[in-house]
Amino acid sequence: MAPDLKYTKHHYGAESDLQVLGVWDVDAHNRSKVWVIYIHGGAWRDPRIIHETFAPTINAILSEDGSSAGLRDRIAGFASLDHRLSPHPEFPQDPASTPPKELRKARHPDHIDDVRSGIAFLQKEYGFSSNYVLVGHSAGACLAFQLVATPAAAGYMPEAIVGIAGVYDFTGISARSGGAYAGFLTAAFGDPAGWDEVAPMKFSHNFAEYWKGIAILASSKNDELVDEHEIDGMAAKLRKDGCRLVVYKDVRGSHHECWEKGTDIARLVADTFKKIQT
Ligand SMILES: N[C@@H](CC(=O)c1ccccc1NC=O)C(=O)O
């Protein structure tokens, strides 16, 4: 797992074993350098998709032969966040016998509260202010945009968000899935009547109001789980709000292949570094 970097696992919360994050130190205390922070996907509930799934991308960014040659010198470190998860019917837990810290019973806003706490923990430790690129896959991309939608996070706004295969419109994707996604969306966000209020594509406020960063949205034509409506709708919302936006639809492979391989996410991060100041 990114073998030439020092890896440390930190607990940023005491309520759940999932309130942890991983740090891969490149030049962590150099405040002129940029952090790359990852939020995994897994539909807010999949216990198999955890912060360590960022490792292939880190390796691809550090490999000098790809699109990211020379990038290492600009990077302070990599961090990857876990957050509390919602219940998953394929991984049932008995509340009577499961230790409270292991029980997956999160419901919005628990996931986003944890993302905010995790980033606050990193800020306290390393003080990088806005010198970070926030990368999110699927549900993680949704969480990244939820983060910058609230003024409470103002001190910690990222210079850029890279959203890959993101889920941004819960009502829309649930309808297009023929109801197949209603289970995990309800587990994460409760009654469908409240979904639009918390879905990034449906936010009533303007994204550019609190966040001045650049949005990079990416998708794969071969994504079997998240269709093109999600990226198109989110791009339209960000464009309407006047955000700086770049859209890439050239990610390869199935929904989960991009983080399993890491090379396409590495390329997106490298392109993002070309667009930011630091
Ligand atoms: N493996 C996941 C499914 C999943 O990740 C997913 C399925 C449909 C649309 C988006 C998904 N992931 C988003 O984070 C699960 O079954 O919980």
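How many bridges join strand β3 to strand β5? The legends below start there; the model is predicted.

**View 1. Strands β3 and β5 are paired in parallel.** Five bridges link β3, residues 34–39, with β5, residues 132–137. One pair can be picked out by name: W35 has Y132 of β5 as its bridge partner.

**View 2. The strands form an open sheet of eight.** The order is β1-β2-β4-β3-β5-β6-β7-β8, and the pairing is mixed. Strand β1 (6–11) sits at one edge and β8 (244–251) at the other; each of these pairs on one side only. On average, neighbouring strands are turned by 20 degrees against each other, direction ignored.

**View 3. Helix α2 packs on the sheet.** This helix spans residues 110–126. It touches β1, β2 (20–25), β3 and β4 (75–81). The directions of α2 and β4 make an angle of about 150 degrees. The loop between β4 and α2 holds P109. The peptide bond leading from H108 into P109 is cis, and its omega is near 10 degrees.

**View 4. Helix α3 lies across three strands.** The strands are β3, β5 and β6 (160–164). The helix comprises residues 139–147 and runs at about 140 degrees to β5.

**View 5. Helices α2 and α3 pack against each other.** Their axes are 10 Å apart, at an angle of about 70 degrees. Angles of 65 to 115 degrees count as roughly perpendicular, so α2 is roughly perpendicular to α3. From α2 come H111, I112, V115 and R116. They meet L143, Q146 and L147 of α3. By type, the residues of this contact are four nonpolar, two polar and one charged.

**View 6. A shell of 13 residues surrounds the ligand.** The closest are G41, A43, D46, S138 and A139. Seven residues of the shell are nonpolar, four are polar and two are charged. Residue A43 belongs to the loop between β3 and α1 (55–62). Phi of A43 is near 60 degrees, a positive value in a residue other than glycine.

**View 7. Three residues carry the "active site" annotation in UniProt.** The unreviewed entry marks S138, D223 and H255. These residues span 118 residues in sequence, yet no two of their C-alpha atoms are more than 10.8 Å apart, so they gather at one spot. Of the three annotated residues, S138 is also among the closest to the ligand. Residue D223 is in the loop between β7 (214–220) and α7 (228–240).

Conventions
Residues are numbered from 1 along each chain as its sequence is written. This is a predicted model: local features need pLDDT of at least 70, side-chain atom pairs count only at pLDDT 80 or more; totals for chains, interfaces and linings use all residues. Two strands pair if DSSP finds at least two bridges between them. Helices (H or I, at least four residues) and strands (E, at least two) are DSSP runs, numbered from the N terminus. Axes are lines fitted to C-alpha atoms, for helices over the stretch in contact, and angles run from 0 to 180 degrees between N-to-C directions. Two residues are in contact if their C-beta atoms, placed from the backbone, lie within 7 Å. A residue is near a molecule or strand if its C-beta atom, placed from the backbone, lies within 6 Å of it. Ala, Val, Leu, Ile, Met, Phe, Trp, Tyr, Cys and Pro count as nonpolar, Asp, Glu, Lys and Arg as charged, and the others, Gly among them, as polar. Angles under 35 degrees count as roughly parallel, over 145 as roughly antiparallel, 65 to 115 as roughly perpendicular and the rest as oblique. UniProt positions are given in the numbering used here, feature names are shortened, and annotations may be inferred rather than shown by experiment.
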